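Hi everyone, thanks for coming along. I'd like to walk you through one structure today, so please have a look at it while I talk.

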Amino acid sequence: MIISTKTKLLGLLGYPLGHSLSPIMHNTAFESLDLDKIYIPIEVLPENLETVVRGMAKMNFEGFNVTIPHKIEIMKYLDEIDEYAKCIGAVNTVVVHEGTLKGYNTDGMGFLKSFEESTGTKIHGKNVFILGSGGASRAISMTLALKKANKIYICNRTYERAVSLAEDINKQTGAESVAVKHEYDHMKKAIADCHVLINTTSVGMSPHIDSSPLDRELLTPSLTVCDAVYNPRKTRLLKDAEEMGCTTVEGLKMLVNQGAEAFEIWTGIKAPAELMLKAISK
Ligand SMILES: NC(=O)c1ccc[n+]([C@@H]2O[C@H](COP(=O)([O-])OP(=O)(O)OC[C@H]3O[C@@H](n4cnc5c(N)ncnc54)[C@H](OP(=O)(O)O)[C@@H]3O)[C@@H](O)[C@H]2O)c1
């Protein structure tokens with residue numbers, strides 16, 4: 001492509017970024033629709049976030065994504081935050097318009113779409129067990145609560161964080177959320193009451209591909225098991241779940257769907273999600 005002063009810039013802010021899949025996903029989409037836009041990875045240390053973001057607002061950026069460790073900190077530097085992102089308490093997508101910045105969160109809806117597409121079912125009325133209480137858990141659990149999941153169990157290594165997230169969900173959405181201790185018997189009892197299990201911890205992520213966040217004996221065939229981890233595409237947890245006869249949902253689909261929603265926020269054009277998935281599946 002030819003880059004000129006007319007080319008609009010988009011990007012990803014995080015640290016470290018490693019081999020992020022977002023640039024290939026978005027650049028493939030821009031190219032396929034003949035859009036004069038380019039998406040670049042930008043590694044930013046926490047102490048430089050404010051300077052970088054203020055500079056981007058004055059350049060030819062149309063927007064950017066935000067990832068670890070900036071999803072919460074970025075909120076301080078935005079002019080406006082979408083109500084749904086406020087409810088989640090984190091931002092992963094920013095629109096730059098005439099020097100002002102507005103934040104959104106597409107992680108939760110990205111997950112929900114991947115769940116609905118992969119299973120052909122809705123989350124409404126389902127009991128869900130979520131492992132983890134970090135940024136991904138917050139986005140997914142709030143979204144599921146707003147979409148009327150019946151009961152949401154939050155289980156985390158650090159129990160206090162699970163309690164705090166469950167309280168936030170109850171306060172902000174009126175849903176029923178309960179914190180679960182990260183101990184075998186407590187987990188077993190809660191999982192037995194659930195239709196869906198979602199891993200939002202980083203356990204199982206490359207290079208620790210043989211680790212699973214859960215004992216495989218806790219998996220039963222009636223569960224739909226989802227993993228937010230997308231590298232590797234088929235995690236140890238998903239392999240165990242398949243062997244136990246569970247339906248499974250891959251993190252790569254969530255990645256594409258959160259990216260597709262960000263693309264649509266920036267461009268107002270329907271994202272070529274199938275093509276984006278193909279681009280990062282190679
Ligand atoms: N597919 C997608 O589109 C997508 C989107 C966002 C994130 N993700 C993935 O989701 C994962 C989490 O991201 P995040 O942003 O939520 O990270 P985060 O905010 O740092 O949260 C990490 C979570 O993992 C738990 N954890 C970490 N190491 C653990 C261990 N050894 N044993 C048990 N629990 C452990 C933490 O528990 P403590 O509270 O006890 O520390 C915390 O709950 C990452 O793998 C990320 O790549 C995927």
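I'll go through the annotated sites, then the ligand, and then a few salt bridges.

One thing to keep in mind from the start: this is a predicted model.

Let's begin with the annotations. The unreviewed UniProt entry gives an "active site" at Lys71. If you want to find Lys71 on the screen, look at the loop between strand 3 and strand 4. Is Lys71 buried or exposed? With a relative accessible area of 18%, Lys71 counts as buried, because the cut-off for that is under 20%. And who are its partners? Apart from residues within four places in sequence, Lys71 is in contact with Val66, Ala90, Val91, Asn92 and Asp107.

Two of those names come back right away. The unreviewed UniProt entry also has a "binding site" feature, and Asn92 and Asp107 are among its positions, along with Ser20, Leu21, Ser22, Thr67, Tyr230 and Gln258. I've picked two of these to look at more carefully, Thr67 and Gln258.

Thr67 first. You'll find Thr67 in the loop that runs from strand 3, residues 61-66, to strand 4, residues 80-81. Lys71 is in the loop between strand 3 and strand 4 as well. Thr67 is partly exposed, at 23% relative accessible area. Leaving out residues up to four places away in sequence, Thr67 touches Leu12, Leu13, Gly14 and Leu17.

Now Gln258. Where does Gln258 sit? Its place is in helix 9, which covers residues 251-267. Gln258 is buried, with a relative accessible area of 8%. Its contacts, again without residues up to four places away in sequence, are Met25, Asn92, Thr106, Asp107 and Gly110. So what links Gln258 and Lys71? Lys71 is in contact with Asn92 and Asp107, and Gln258 touches Asn92 and Asp107 too. There is also a polar contact inside the helix region: the Gln258 side chain reaches the backbone oxygen of Leu255 at 2.9 Å.

Let's move to the ligand. How many residues surround the ligand? There are 24 of them, and the closest are Ala136, Asn156, Arg157, Thr158 and Arg161. Several polar contacts deserve a look. A polar side-chain atom of Thr158 is 2.5 Å from a ligand oxygen atom. For Arg161, a polar side-chain atom lies 2.7 Å from an oxygen atom of the ligand. From the backbone, a polar atom of Ala228 is 2.9 Å from a nitrogen atom of the ligand. As for the surface, the ligand taken alone exposes 930 Å², and the protein buries 77% of that. Which elements give two or more residues to the shell around the ligand? They are helix 5, residues 135-146, and helix 9. The largest share, four residues, comes from helix 9, and helix 9 is also the place of Gln258.

Last topic: salt bridges. Side chains of opposite charge can pair when their charged atoms come close. Across the whole structure, a search finds 16 salt bridges, and I'll show you three.

One of them is between Lys76 and Glu73, whose side chains meet at 2.7 Å, N to O. Lys76 is exposed, at 58% relative accessible area, and Glu73 is partly exposed, at 32%.

Another pairs Asp168 with Lys171, with the closest N and O atoms 4.0 Å apart. Both residues lie in helix 6, residues 159-173, three residues apart, which is about one turn of the helix. Here the partners contrast nicely: Asp168 counts as buried at 17% relative accessibility, whereas Lys171 is exposed at 66%.

My final example is Arg216 with Glu243, whose side chains meet at 2.9 Å, N to O. Arg216 lies in the loop between strand 10 (196-199) and strand 11 (224-227), and Glu243 lies in helix 8 (residues 236-243), so the pair ties together parts that are 27 residues apart in sequence. Arg216 counts as partly exposed at 29% relative accessibility, and Glu243 counts as exposed at 52%. This pair also belongs to a network: salt bridges that share partners join Arg216, Arg236, Asp240 and Glu243.

That's my tour, and thank you for listening.

Terms used:
Residues are numbered from 1 along each chain as its sequence is written. This is a predicted model: local features need pLDDT of at least 70, side-chain atom pairs count only at pLDDT 80 or more; totals for chains, interfaces and linings use all residues. Side-chain values use heavy atoms; hydrogens and water are left out. UniProt positions are given in the numbering used here, feature names are shortened, and annotations may be inferred rather than shown by experiment. Buried means under 20% relative accessible area, exposed over 50%, partly exposed in between (1.4 Å probe, protein chains only). Contact means heavy atoms within 4.5 Å. A polar contact is a pair of N or O atoms within 3.5 Å; within protein, one must be able to donate a hydrogen and the other to accept it, and residues adjacent in sequence count only if both atoms are side-chain atoms. A residue is near a molecule or strand if one of its heavy atoms lies within 4 Å of it. Accessible areas come from the Shrake-Rupley method with a 1.4 Å probe; for residues, only the protein chains shown count as cover.
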